[in-house]
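Please open the model in your viewer and keep the sequence beside it, so that each selection can be followed in both places. The tour goes from one selection to the next and says what can be found at each stop.

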Amino acid sequence: IQTEYDSNKRLKTDGSTPGIDPSSYGLISKVGAKIGARSDDYEVALNNQFIDNRYISDLDLNSENFKLDLSSNYAFNERSQFELNGNYTYDTTLTSALTGTGSGIVQNNLRRKLWTITPTWNYTLSDTQTIQASYTHTDVQYAKSSIGSFSNYTVDNVSASFQQQWTPRLSNFLSLTGM
(Lines give C-alpha, C1' and ligand atoms only; values in the text may rest on other atoms or scores of the structure.)
Protein backbone atom coordinates (compact mmCIF):
# COMPACT_ATOMS: atom_id res chain seq x y z
CA ILE A 1 0.00 0.00 0.00
CA GLN A 2 1.32 3.44 -0.85
CA THR A 3 0.02 6.99 -0.60
CA GLU A 4 0.86 9.87 -2.85
CA TYR A 5 0.22 13.55 -3.39
CA ASP A 6 0.59 15.02 -6.85
CA SER A 7 0.10 18.73 -7.46
CA ASN A 8 -0.78 18.19 -11.13
CA LYS A 9 -1.05 14.50 -12.07
CA ARG A 10 -2.39 15.16 -15.57
CA LEU A 11 0.08 17.99 -16.26
CA LYS A 12 -2.69 20.51 -16.93
CA THR A 13 -1.58 24.05 -17.73
CA ASP A 14 -2.82 26.97 -15.63
CA GLY A 15 -6.26 28.08 -16.69
CA SER A 16 -6.88 25.09 -18.98
CA THR A 17 -9.90 24.05 -16.92
CA PRO A 18 -11.12 26.88 -14.70
CA GLY A 19 -12.62 25.85 -11.36
CA ILE A 20 -10.92 22.42 -11.31
CA ASP A 21 -8.15 21.72 -8.83
CA PRO A 22 -5.48 19.60 -10.62
CA SER A 23 -3.94 18.35 -7.35
CA SER A 24 -4.74 14.90 -6.00
CA TYR A 25 -4.19 12.67 -2.99
CA GLY A 26 -4.02 8.98 -3.75
CA LEU A 27 -4.01 5.56 -2.14
CA ILE A 28 -2.55 2.78 -4.28
CA SER A 29 -3.04 -0.82 -3.13
CA LYS A 30 -1.19 -3.65 -4.84
CA VAL A 31 -1.47 -7.38 -4.31
CA GLY A 32 0.12 -10.09 -6.40
CA ALA A 33 1.17 -13.69 -6.52
CA LYS A 34 3.62 -15.77 -8.48
CA ILE A 35 3.08 -19.48 -9.04
CA GLY A 36 4.98 -21.94 -11.15
CA ALA A 37 6.53 -25.32 -11.69
CA ARG A 38 9.92 -26.48 -12.88
CA SER A 39 11.82 -29.61 -13.71
CA ASP A 40 15.08 -30.40 -15.50
CA ASP A 41 13.34 -29.96 -18.89
CA TYR A 42 10.82 -27.15 -18.36
CA GLU A 43 9.86 -24.13 -16.31
CA VAL A 44 6.48 -22.36 -16.15
CA ALA A 45 5.65 -19.26 -14.11
CA LEU A 46 2.51 -17.15 -13.80
CA ASN A 47 2.89 -13.78 -12.16
CA ASN A 48 -0.25 -11.74 -11.52
CA GLN A 49 -0.91 -8.42 -9.90
CA PHE A 50 -4.02 -6.41 -8.98
CA ILE A 51 -3.63 -2.65 -8.47
CA ASP A 52 -6.41 -0.49 -7.02
CA ASN A 53 -5.91 3.27 -7.40
CA ARG A 54 -8.16 5.60 -5.36
CA TYR A 55 -7.82 9.38 -5.42
CA ILE A 56 -9.39 12.39 -3.76
CA SER A 57 -9.48 14.78 -6.69
CA ASP A 58 -11.67 16.77 -9.07
CA LEU A 59 -10.25 14.59 -11.86
CA ASP A 60 -11.26 11.03 -12.80
CA LEU A 61 -8.15 9.15 -11.63
CA ASN A 62 -9.62 6.04 -9.93
CA SER A 63 -8.90 2.68 -11.58
CA GLU A 64 -8.64 -1.04 -10.97
CA ASN A 65 -5.78 -2.55 -12.97
CA PHE A 66 -4.83 -6.18 -13.54
CA LYS A 67 -1.67 -7.75 -14.97
CA LEU A 68 -0.95 -11.39 -15.76
CA ASP A 69 2.50 -12.47 -17.02
CA LEU A 70 3.39 -15.94 -18.31
CA SER A 71 6.94 -17.12 -18.82
CA SER A 72 7.78 -20.66 -19.81
CA ASN A 73 10.51 -22.64 -21.48
CA TYR A 74 11.01 -26.24 -22.52
CA ALA A 75 14.31 -27.90 -23.44
CA PHE A 76 13.75 -30.53 -26.15
CA ASN A 77 17.39 -31.59 -25.81
CA GLU A 78 20.76 -30.00 -25.03
CA ARG A 79 20.71 -27.97 -28.25
CA SER A 80 17.08 -26.99 -28.76
CA GLN A 81 14.92 -24.88 -26.44
CA PHE A 82 11.45 -23.38 -26.85
CA GLU A 83 10.16 -20.39 -24.87
CA LEU A 84 6.63 -19.02 -24.62
CA ASN A 85 6.04 -15.68 -22.93
CA GLY A 86 2.81 -13.75 -22.68
CA ASN A 87 1.17 -10.81 -20.97
CA TYR A 88 -2.38 -9.59 -20.39
CA THR A 89 -2.87 -6.11 -18.96
CA TYR A 90 -6.21 -4.48 -18.12
CA ASP A 91 -5.63 -0.87 -17.11
CA THR A 92 -6.44 2.68 -18.16
CA THR A 93 -4.87 5.03 -20.68
CA LEU A 94 -3.80 7.34 -17.87
CA THR A 95 -2.14 4.48 -15.95
CA SER A 96 -0.34 3.16 -19.03
CA ALA A 97 0.87 6.66 -19.99
CA LEU A 98 2.25 7.36 -16.51
CA THR A 99 3.91 3.96 -15.97
CA GLY A 100 4.87 3.16 -19.57
CA THR A 101 6.24 6.46 -20.79
CA GLY A 102 6.42 8.58 -17.63
CA SER A 103 4.21 11.17 -19.30
CA GLY A 104 0.82 12.14 -17.93
CA ILE A 105 -0.16 14.07 -21.04
CA VAL A 106 -3.04 11.67 -21.74
CA GLN A 107 -6.11 13.46 -20.41
CA ASN A 108 -8.66 10.64 -20.76
CA ASN A 109 -8.91 7.80 -18.30
CA LEU A 110 -10.21 5.14 -20.73
CA ARG A 111 -10.03 1.37 -20.25
CA ARG A 112 -7.24 -0.35 -22.16
CA LYS A 113 -6.74 -4.08 -22.80
CA LEU A 114 -3.32 -5.21 -23.97
CA TRP A 115 -2.17 -8.75 -24.63
CA THR A 116 1.11 -9.99 -26.02
CA ILE A 117 2.36 -13.46 -26.86
CA THR A 118 5.91 -14.37 -27.89
CA PRO A 119 7.06 -17.86 -28.87
CA THR A 120 10.85 -18.17 -29.29
CA TRP A 121 13.02 -21.05 -30.49
CA ASN A 122 16.75 -21.23 -29.66
CA TYR A 123 19.11 -23.73 -31.25
CA THR A 124 22.82 -24.24 -30.48
CA LEU A 125 24.75 -25.14 -33.62
CA SER A 126 28.09 -25.55 -31.82
CA ASP A 127 29.87 -24.36 -28.69
CA THR A 128 30.30 -20.94 -30.30
CA GLN A 129 27.27 -20.59 -32.64
CA THR A 130 23.58 -20.16 -31.87
CA ILE A 131 20.47 -19.25 -33.84
CA GLN A 132 17.19 -17.86 -32.59
CA ALA A 133 13.77 -17.28 -34.16
CA SER A 134 10.86 -15.48 -32.52
CA TYR A 135 7.45 -14.04 -33.25
CA THR A 136 5.59 -11.44 -31.18
CA HIS A 137 1.91 -10.59 -31.49
CA THR A 138 0.57 -7.54 -29.61
CA ASP A 139 -3.07 -6.50 -29.55
CA VAL A 140 -4.29 -3.26 -27.88
CA GLN A 141 -7.95 -2.30 -27.51
CA TYR A 142 -9.40 0.88 -26.00
CA ALA A 143 -12.87 1.56 -24.63
CA LYS A 144 -15.03 3.76 -26.83
CA SER A 145 -15.20 7.44 -25.90
CA SER A 146 -16.64 10.58 -27.41
CA ILE A 147 -13.76 12.59 -25.89
CA GLY A 148 -10.63 10.68 -26.87
CA SER A 149 -9.18 9.58 -30.15
CA PHE A 150 -7.52 6.28 -29.23
CA SER A 151 -7.41 3.62 -31.93
CA ASN A 152 -7.16 -0.12 -31.45
CA TYR A 153 -4.07 -1.62 -33.03
CA THR A 154 -2.20 -4.87 -33.62
CA VAL A 155 1.54 -5.33 -34.10
CA ASP A 156 3.22 -8.50 -35.40
CA ASN A 157 7.00 -8.82 -35.29
CA VAL A 158 9.14 -11.68 -36.66
CA SER A 159 12.87 -11.95 -36.05
CA ALA A 160 15.74 -14.34 -36.64
CA SER A 161 19.33 -14.03 -35.45
CA PHE A 162 22.68 -15.76 -35.59
CA GLN A 163 25.45 -15.30 -33.03
CA GLN A 164 29.11 -16.29 -33.30
CA GLN A 165 31.18 -16.13 -30.09
CA TRP A 166 34.82 -15.77 -31.16
CA THR A 167 36.37 -15.17 -27.74
CA PRO A 168 34.89 -14.43 -24.30
CA ARG A 169 35.00 -10.71 -25.21
CA LEU A 170 34.35 -10.82 -28.95
CA SER A 171 31.17 -11.92 -30.67
CA ASN A 172 29.15 -10.92 -33.70
CA PHE A 173 25.45 -10.96 -34.47
CA LEU A 174 23.41 -11.11 -37.63
CA SER A 175 19.75 -10.22 -37.13
CA LEU A 176 16.76 -9.93 -39.44
CA THR A 177 13.53 -8.37 -38.18
CA GLY A 178 10.23 -7.62 -39.84
CA MET A 179 7.20 -5.86 -38.44
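## A walk through the strands

Begin by selecting β6 together with strand β7, residues 129-142, which pair in the antiparallel sense over 11 bridges. Please keep in mind from the start that this is a predicted model. With both strands still highlighted, look at the connection between them, where 4 residues separate β6 from β7 and the two strands form a hairpin. Within this pairing, select Thr-120 and then Ser-134, since Thr-120 stands opposite Ser-134 in β7.

Now keep β6 in view and add strand β5, residues 80-92, which runs antiparallel to β6 and is joined to it by 13 bridges. A pair to pick out here is Phe-82 and Trp-121, where Phe-82 stands opposite Trp-121 in β6. While you look along these strands, remember that in a regular strand the side chains alternate between the two faces of the sheet.

Next, colour the whole chain by secondary structure. How many helices and strands does the chain have? There is 1 helix, and there are 9 strands. Read from the N terminus on, the elements follow the order β-β-β-β-β-α-β-β-β-β. If you display contacts between residues at least 6 apart in sequence, 45% of them join residues at least 24 apart.

## Charged side chains

Show the side chains of Glu-64 and Arg-111, which meet in a salt bridge with 3.6 Å from N to O. Glu-64 belongs to strand β4 (residues 63-75) and Arg-111 to strand β6 (residues 111-124), so this pair ties together parts that are 47 residues apart in sequence. Salt bridges that share partners join Glu-64 and Arg-111 with Asp-52 and Arg-54 into one network. Select Asp-52 and Arg-54 as well, and you will find a salt bridge between them in which the closest N and O atoms are 3.1 Å apart. Is Arg-54 buried or partly exposed? Arg-54 counts as partly exposed, because its relative accessibility is 33%, and Glu-64 is likewise counted as partly exposed, at 31%.

Move on to Glu-43 and Arg-38, which form another salt bridge, with the closest N and O atoms 3.6 Å apart. Here Glu-43 is partly exposed, with a relative accessible area of 32%, whereas Arg-38 is exposed, with 65%. A search of the whole structure finds 5 salt bridges.

## Surface and rings

Switch to a surface view and select Ile-35, Leu-46, Leu-68, Tyr-88, Trp-115 and Ile-117, which together make a nonpolar surface patch of about 480 Å². One member, Ile-35, lies in strand β2, residues 24-38, and Ile-35 is exposed because its relative accessible area is 54%, where the cut-off for exposed is over 50%. For the chain as a whole, about 11,700 Å² is exposed, and carbon and sulfur atoms supply 54% of that area. Of the 179 residues of the chain, 26% count as buried.

For the last stop, turn to the aromatic rings, among which 4 aromatic pairs are counted. One of these pairs is formed by Tyr-74 and Phe-76, whose rings meet edge-to-face, 5.1 Å from centre to centre and with 80 degrees between the planes. Tyr-74 counts as partly exposed, because its relative accessibility is 36%.

Note on methods: Residues are numbered from 1 along each chain as its sequence is written. This is a predicted model: local features need pLDDT of at least 70, side-chain atom pairs count only at pLDDT 80 or more; totals for chains, interfaces and linings use all residues. Side-chain values use heavy atoms; hydrogens and water are left out. Rings of Phe, Tyr and Trp (its six-membered ring) pair if their centres lie within 6.5 Å; planes under 30 degrees apart count as stacked, over 60 as edge-to-face and the rest as tilted. Buried means under 20% relative accessible area, exposed over 50%, partly exposed in between (1.4 Å probe, protein chains only). Patches are made of residues with over 30% relative accessible area and no salt bridge: like charges are joined within 9 Å, nonpolar side chains (Val, Leu, Ile, Met, Phe, Trp, Tyr) within 5 Å. Accessible areas come from the Shrake-Rupley method with a 1.4 Å probe; for residues, only the protein chains shown count as cover. A salt bridge is a side-chain nitrogen of Lys or Arg within 4 Å of a carboxyl oxygen of Asp or Glu. Contact means heavy atoms within 4.5 Å. Two strands pair if DSSP finds at least two bridges between them.
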